[in-house]
Amino acid sequence: MKIGIDKIGMYTPKQYVDLVELAKHRRVDPAKFTIGIGQDKMAVAPLSQDAISMAANAAAKILTAEDKAAIDLVILGTESGVDNSKAGALYVQKLLDLPNRARVLEIKEACYGATAGLQYAKLHILQNPTAKALVIGADIARYGLDTSGEVTQGAGAVALLVSAKPKILALDLATSYFSEEVPDFWRPLNQMIAEVDGKYSNEQYIRFFKETFADYQAKTKYGLNDYAALTFHLPYTKMGLKAMREILPQVDEAKQNELQQHYQQETLYGRQIGNIYTGSLYLALLSLLDNDAILQPGMRIGLYSYGSGAVGEFFSGVLQPEFKAQLDPMYYLDLLAKRQKLALDDYEAQFTAQLDPESENQALTDDDPFAKYYFAGIVDKKRV
Ligand code: CAA
């Protein structure tokens, strides 16, 4: 029995900051941001787009009435949750008009939450082969104005429809995970912005990658030559490359070049959007599938997920015969092209305003043509 990703949908808000402009404003050489970090633009969520609305927008792109009727598991992975108690996935279930005979929950472990959801969904479908599961990663990454993490902010969501007849990627059954409490990145309860030990977080990301990749290699006997491409959680696009370079010496130069060429394709969306935390690995997968003309059915893709704190997981899947027909690259080209550039004064004013909890009490609207759903504000203490 095959289980895996049947459809992938993505949403990112309509406004972005140009990182060359930001670099000049911060008196940094722009090449540090565009080459050293590997980011050109970062998506900025207006107050009218939160983790819930972005999640619903990403899922609305892919779900048919038939899919909706079959969904009996909805998982939202997020570290930008809007409630300390209630699962954000319940709002998503209602907005999308999904069946009530479903298990609906939220998973938190930094950027790893959606991968935990995907693995949960895999086991769920094993037990319920006729059902479908909706797994979404949605986040807003905020480090603070004029911090070293600022250039790695972003916002967006990726939705995965998981089923026993996956048309995109059939997941291999094996998986390798590794967890350890490390203080590399966290967000205290009273803060809208993350705390991070940047250099240390890079080291942990790489350490967990080497641990999980080696374990997966031992378990499955797949060598690096067995993968057409490796996809990574991309907090910024240079990060995955740093990790991949640790294992490239395992193969000859031709294969090294091949893997690095595919890697370029997986970074194209992330370069323009930034870190979307839980959705980031799946944004890289979508970018690879949408932009890489060389990939063919039957090829194996590796996936590395990392959530600070920290949990890492390496797993893989095989491209399915009809995978290209499931994709819609022109839609995302259009979505990214139609975004509006934010003036830096407006970006800073919006950022500062959003740190104030009172900001959500106003009546909000959103005219983004790619957003079916938006957050309209808090009325009588309830989110609308
Ligand atoms: N031209 C070209 N390159 C330049 C340059 C220039 N003028 N100036 C600097 N660079 C290069 C540097 O050489 C460096 O390259 P290498 O990493 O290949 O050595 C790169 O630009 C970055 O420079 P610094 O290391 O000096 O940058 P920094 O101290 O400002 O911090 C950062 C970079 C640590 C990534 C910081 O942005 C940060 O803290 N980001 C948030 C945390 C993060 O993303 N961590 C990733 C792992 S954790 C994770 O994955 C979970 C998650 O999502 C948060």
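Student: At what angle do α9 and helix α11 pack, and how far apart are their axes?

Tutor: The two helices pack at about 105°, and their axes are 7 Å apart. Keep in mind as we go that this model is predicted.

Student: Why are α9 and α11 called roughly perpendicular?

Tutor: Set the value against the rule. The angle between α9 and α11 is about 105°. Angles from 65 to 115 degrees count as roughly perpendicular, so α9 and α11 are given that name.

Student: Which residues of α9 and α11 meet?

Tutor: From α9 come H262, Q265 and E266, and they meet A284, S287, L288 and N291 of α11. By class, this contact of α9 with α11 has 2 nonpolar, 4 polar and 1 charged residues.

Student: Let's stay with α9. What makes A254 exposed?

Tutor: A254 lies in helix α9, which covers residues 253–266. Count its neighbours: A254 has 8 other C-beta atoms within 10 Å. The cut-off for exposed is 12 or fewer, so A254 is exposed.

Student: How far apart are A254 and A56 in space?

Tutor: Their C-alpha atoms are 42 Å apart, and 198 residues separate A254 from A56 in sequence.

Student: A56 brings us to another helix pair. What makes α3 oblique to α5?

Tutor: Helix α3, residues 51–60, packs on helix α5, residues 88–95, at an angle of about 45°, with the axes 9 Å apart. Roughly parallel needs an angle under 35 degrees and roughly perpendicular needs 65 to 115, so α3 is oblique to α5. The crossing of α3 and α5 is right-handed.

Student: Which residues make the contact of α3 and α5?

Tutor: In α3 they are A51, I52, A55, A56 and A59, and in α5 they are G88, Y91, V92 and L95. The classes here are 8 nonpolar, 1 polar and no charged residues.

Student: How do you know that α7 is oblique to α8?

Tutor: The same kind of check works. The axes of α7 and α8 come within 9 Å and cross at roughly 45°. That value falls in none of the parallel, antiparallel or perpendicular ranges, so α7 counts as oblique to α8. The contact is made by N202, Y205, I206 and F209 of α7 together with M239, K242 and A243 of α8. Those residues divide into 5 nonpolar, 1 polar and 1 charged. As for handedness, α7 passes α8 in a right-handed crossing.

Student: Which helices each supply at least two residues of the shell around the ligand?

Tutor: They are α2 (30–37), α7 (198–220) and α8 (237–245). In total 27 residues surround the ligand, and the closest are A31, K32, G36, G198 and P235. The shell divides into 13 nonpolar, 10 polar and 4 charged residues.

Student: What is the phi of K221?

Tutor: K221 has a positive phi of about 65° although it is not a glycine. Most residues other than glycine have a negative phi. K221 lies in the loop between α7 and β12.

Student: And which residue has a phi near 50°?

Tutor: That is Y277, again a residue other than glycine with a positive value. Y277 sits in the loop between α10 and α11.

Student: Are K221 and Y277 buried or exposed, and how do you know?

Tutor: K221 has 9 other C-beta atoms within 10 Å, and 12 or fewer counts as exposed, so K221 is exposed. Y277 has 31 such atoms, and 20 or more counts as buried, so Y277 is buried.

Student: What makes D380 exposed?

Tutor: D380 is found in the loop between β16 and β17. It has 5 C-beta neighbours inside 10 Å, and the limit of 12 or fewer makes D380 exposed. In space, D380 and N361 are 9.2 Å apart, C-alpha to C-alpha, with their positions 19 residues apart in sequence.

Student: Why does T352 count as exposed?

Tutor: T352, in helix α13, has 11 C-beta neighbours inside 10 Å. Exposed means 12 or fewer, so T352 counts as exposed.

Student: Where is the peptide bond that is cis?

Tutor: The bond from G309 to A310 is cis, with omega near 5°. Most peptide bonds are trans. A310 is found in the loop between β13 and β14.

Notes
Residues numbered from 1 in each chain as written. Predicted model: local features only at pLDDT ≥ 70, side-chain atom pairs only at ≥ 80, totals over all residues. Near = placed C-beta within 6 Å. Helix = DSSP H or I, 4+ residues; strand = E, 2+ residues; numbered from the N terminus. Nonpolar A, V, L, I, M, F, W, Y, C, P; charged D, E, K, R; others polar. Axes fitted to C-alpha atoms, helices over the stretch in contact; angles between N-to-C directions. Parallel < 35°, antiparallel > 145°, perpendicular 65-115°, else oblique. Left-handed = near helix turned anticlockwise from the far one by under 90°. Contact = placed C-beta atoms within 7 Å.
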